Amino acid sequence: MATRDRNVHPPSVAETSGPRVGLIVPALNAERNFKTFLPAIIAAKPSFHRLLLIDSSSNDRTREMAKDAGFEVVTIPRSEFDHGGTRQRGVEILSDCDIIVCMTQDAVLADAQAIAHLVAPFRDPEIGATYGRQLPRIGAGLLEAYSRNFGYSDKSFVKSWPQSKYMGIMAGAVSNSFAAYRRKDLMAVGGFPSNLVCTEDVYVGFKLILSQKKIAYVAESAVYHSHDYGVMDEFHRYFDIGAFYCAFEPWILKTAGTAEGRGLLFLKHQLKALMFKEPWLFPKCILSTITKYLGYRLGARWKLFPLRMRVWLGMNKAFWQRSELMIDRPTPVSTH
């Protein structure tokens with residue numbers, strides 16, 4: 001059961017005639033992240049109407065630090081966290097907001113104007129969602145940095161359907177590490193669904209773009225956010241991704257095409273970059289690619305594995321522990 005702390009600072013309200021912007025941040029033991037995350041949020045505070053933290057029963061100072069920074073705080077049991085469902089709970093709490101910004105606890109705003117840039121495209125009523133650029137975190141290695149630079153261009157663009165069909169699965173891509181949604185459009189496509197193994201943002205992104213809303217990528221709006229995943233971390237993550245695209249939500253691939261092509265393109269460009277900078281990382285790069293592909297293909301066949309094996313294979317352990325109770329979800333939208 002969730003508890004809502006009423007003894008918090010009043011919501012931060014931007015005294016402007018623009019849309020009311022609410023921020024949702026799911027968190028767990030974020031004290032270390034908050035040392036850099038919160039100062040950046042405070043610097044951008046004039047852009048926000050409300051700040052909401054949904055905390056999965058942290059046992060450090062996460063809640064106290066968030067309250068001091070002006071967040072409303074809702075606490076839930078760790079067992080109740082769900083990538084889509086928890087964020088949707090936040091969307092429902094922020095019912096007086098026009099724009100919902102989603103961030104993760106380890107994404108640090110690059111400057112105080114990042115939120116203003118992120119929400120600016122909503123002046124166009126056809127824009128349903130926006131997402132910003134993700135820069136490599138300070139101290140990121142070459143492979144980690146290249147992953148971010150490959151996926152996040154320094155040029156802004158707008159995606160629509162079917163004009164962006166050539167982009168494949170990237171046509172509906174959004175990242176809840178740093179994204180914004182027009183609340184009424186988000187609710188019109190059903191909001192964030194519960195009980196997804198991962199990528200609730202891509203799910204909603206495709207529902208929006210297939211309902212003839214547009215998605216804007218805003219390169220001028222950026223956060224520092226990247227991960228140095230180990231080989232097994234990549235395996236577990238891609239097991240979940242493979243299950244999502246191939247088993248649970250196959251309508252996305254039927255609509256946009258397979259994901260393997262983009263993976264091969266990424267590998268080709270990554271090897272080219274390593275050749276001129278750090279060729280000794282070739283073996284790690286190849287091993288990582290093989291591991292991700294293996295995880296992806298096994299995830300697509302998750303039903304072949306007993307419950308305990310699924311829990312070990314996947315990254316979202318809580319989801320896989322519930323997997324015996326899962327039922328098939330119907331295709332949510334037509335593919336036009």
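The legends below accompany views of a predicted model.

**View 1. The chain as a whole, with its 13 helices and 10 strands.** The chain has 336 residues, and 51% of them count as buried. Its accessible surface amounts to about 15700 Å². Carbon and sulfur atoms account for 57% of that surface. Where contacts link residues at least 6 apart in sequence, 78% of them join residues at least 24 apart.

**View 2. Helix α7, residues 200-210, a mostly covered element.** Of the 11 residues in helix α7, 11 are buried. Charged side chains are part of this set, including those of Glu-200, Asp-201 and Lys-207, each of which is buried. Val-202, Tyr-203, Val-204, Gly-205 and Phe-206 are also buried. Towards the end of the helix, Leu-208, Ile-209 and Leu-210 are likewise buried.

**View 3. The backbone at Gln-212, just after helix α7.** Gln-212 adopts a positive phi of about 75 degrees. The helix that precedes this residue spans residues 200-210.

**View 4. The cysteines Cys-102 and Cys-198, both within the buried class.** The relative accessibility of Cys-102 is 0%, so this residue counts as buried. Cys-198 has a relative accessible area of 12% and is therefore buried as well, since the class takes in values under 20%. A disulfide is a covalent bond between the sulfur atoms of two cysteines. A search of the whole structure returns 0 disulfides.

How values were computed. Residues numbered from 1 in each chain as written. Predicted model: local features only at pLDDT ≥ 70, side-chain atom pairs only at ≥ 80, totals over all residues. Heavy atoms only, no water. Buried < 20%, exposed > 50% of the residue type's maximum accessible area, 1.4 Å probe, protein only. Helix = DSSP H or I, 4+ residues; strand = E, 2+ residues; numbered from the N terminus. Disulfide = S-S within 2.5 Å. Contact = heavy atoms within 4.5 Å. Areas by Shrake-Rupley, 256 points an atom, 1.4 Å probe, with all protein chains shown as cover.
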